[in-house]
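Could you open the structure in your viewer and keep the selection tool handy? We will take a short walk through it together.

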Amino acid sequence: MQKYRLLIETDDQKGLVYKISKLLYDYDLNIQNNSEYVDNETNKFFMRTVILGEFDKKQLLADIDKILPDGSNIKLVKKAPKDIVILATKEMHCLGDLLIKHTAGELDANITAVISNHDSLRDLVEKFDIPFEYISHENLSREEHEQKIIDSIKKYSYELVVLAKYMRILTPVFVQEFKDQIINIHHSFLPAFIGANPYKQAYKRGVKIIGATSHFVTDDLDEGPIIAQDIVRVDHTYSWQNMRDAGRNVEKVVLSNALDLVLKDKVFVFGNKTIIL
């Protein structure tokens, strides 16, 4: 039996759910799970359906396209672990969390490699029998270094590139090379603290909430479509080190949750936001 995720984005119209469900019934397919959403401002319809059965993929896609409005986006994604490459620098909390989940079978993915611009995480990664590549940025232009990273990624099988606290700003060339495939994690503060040691800055300002945001990477720095967010509350008893530890905890949780949503094909990118079904 084949298990697929049917993903549809189209203009909304009366009877869409009925038409799609009837077609799947006529194919003798079992609907195991179904979610849909209509964006009233744009009249867009989104649907994620998990189907089980035997069918010709090409024919089913063609028949679905016939019953939908023109210009519909339709995908049939086989339920299977996705291959991912992770980029990291020196911080290990997000990377370590993903490696542990991968080893425990809790991550619906195959980590095919970890690539870093520092060598300090090699021992950690190799304990999990995953290839580790160290590509130093020293004495290289940003463009030269990125090309080496690109060449390295392409040596491995990948569907997603995950930035596990990779502390290098990506150029538009890199982003375009892996368009809609790069997932990032970063701390979220109000006010926003940039530069060296944001947790010290947050401590000095008496921050009460520490958060994290995971998003797809676009050319606009840290402004891509948001996948997942969360917060933890802090108070005056927290040192900046306590705030840093709390921040690291929420970062790894948010990145893991965001990645899980993407791996399960629950995320539709719509403009500069996401629809989660």
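The tour below goes stop by stop, and the model you are looking at is a predicted one.

**Stop 1: a strand between two partners**

Start by selecting strand 3, residues 44-53. Nine of its ten residues are buried, so strand 3 is largely enclosed by the rest of the structure. Now add strand 1, residues 2-11, which runs antiparallel to strand 3 and is joined to it by ten bridges. Strand 2 also runs antiparallel to strand 3, with nine bridges joining them.

Click on Met-47 in strand 3. Which residue of strand 1 is its bridge partner? The partner there is Ile-8. Met-47 is also the bridge partner of Glu-36. While these strands are on screen, remember a handy rule: in a regular strand, side chains alternate between the two faces of the sheet.

**Stop 2: the turn and Asp-39**

Follow strand 2 into strand 3 and you pass through a hairpin with four residues between the strands. Select Asn-43 here, which takes a positive phi near 60 degrees.

Next, select Asp-39, which sits in strand 2 (residues 30-39). Is Asp-39 buried or exposed? Its relative accessibility is 5%, so Asp-39 counts as buried. Show its side chain together with that of Thr-42, and you will find a polar contact of 2.8 Å between them. Leaving out residues up to four places away in sequence, Asp-39 touches Lys-44, Phe-46, Phe-270 and Lys-273. You can also draw a line from its C-alpha atom to that of Asp-12: the two are 8.6 Å apart, although their positions lie 27 residues apart along the chain.

**Stop 3: aromatic rings**

Two of the residues touched by Asp-39, Phe-46 and Phe-270, deserve a selection of their own. The whole structure has six aromatic pairs. In the pair of Phe-46 and Phe-270, the ring centres are 5.1 Å apart and the planes meet at 70 degrees, so the pair is edge-to-face. Phe-46 belongs to strand 3 and Phe-270 to strand 12 (residues 267-270), so this pair ties together parts 224 residues apart in sequence. Phe-46 is buried at 0% relative accessibility, and Phe-270 is buried too, at 15%. Add Tyr-37 and Phe-268 to your selection to see a cluster, since ring pairs link these two with Phe-46 and Phe-270.

**Stop 4: Asn-117**

Now jump to Asn-117, in the loop between strand 6 (109-116) and helix 4 (122-126). With 2% relative accessibility, Asn-117 counts as buried. Which side chains does its own side chain meet in polar contacts? One is Thr-89, at 3.1 Å, and another is His-137, at 3.2 Å. Beyond its neighbours within four places in sequence, the residues in contact with Asn-117 include Ala-88, Tyr-134, His-145 and Arg-168.

**Stop 5: helix 3**

Finish with helix 3, residues 93-103. Colour its buried residues: His-93, Cys-94, Leu-95, Gly-96, Asp-97, Leu-98 and Leu-99. What covers them? Among the covering elements are strand 5 (82-88), strand 6, helix 4 and helix 8 (240-263). Last of all, select Gly-105, which follows helix 3 and has a positive phi near 75 degrees.

Terms used. Residues numbered from 1 in each chain as written. Predicted model: local features only at pLDDT ≥ 70, side-chain atom pairs only at ≥ 80, totals over all residues. Heavy atoms only, no water. Helix = DSSP H or I, 4+ residues; strand = E, 2+ residues; numbered from the N terminus. Buried < 20%, exposed > 50% of the residue type's maximum accessible area, 1.4 Å probe, protein only. Polar contact = N/O pair within 3.5 Å; in protein donor to acceptor, adjacent residues only side chain to side chain. Contact = heavy atoms within 4.5 Å. Pairing = 2+ DSSP bridges. Phe/Tyr/Trp six-rings, centres within 6.5 Å; stacked < 30°, edge-to-face > 60°.
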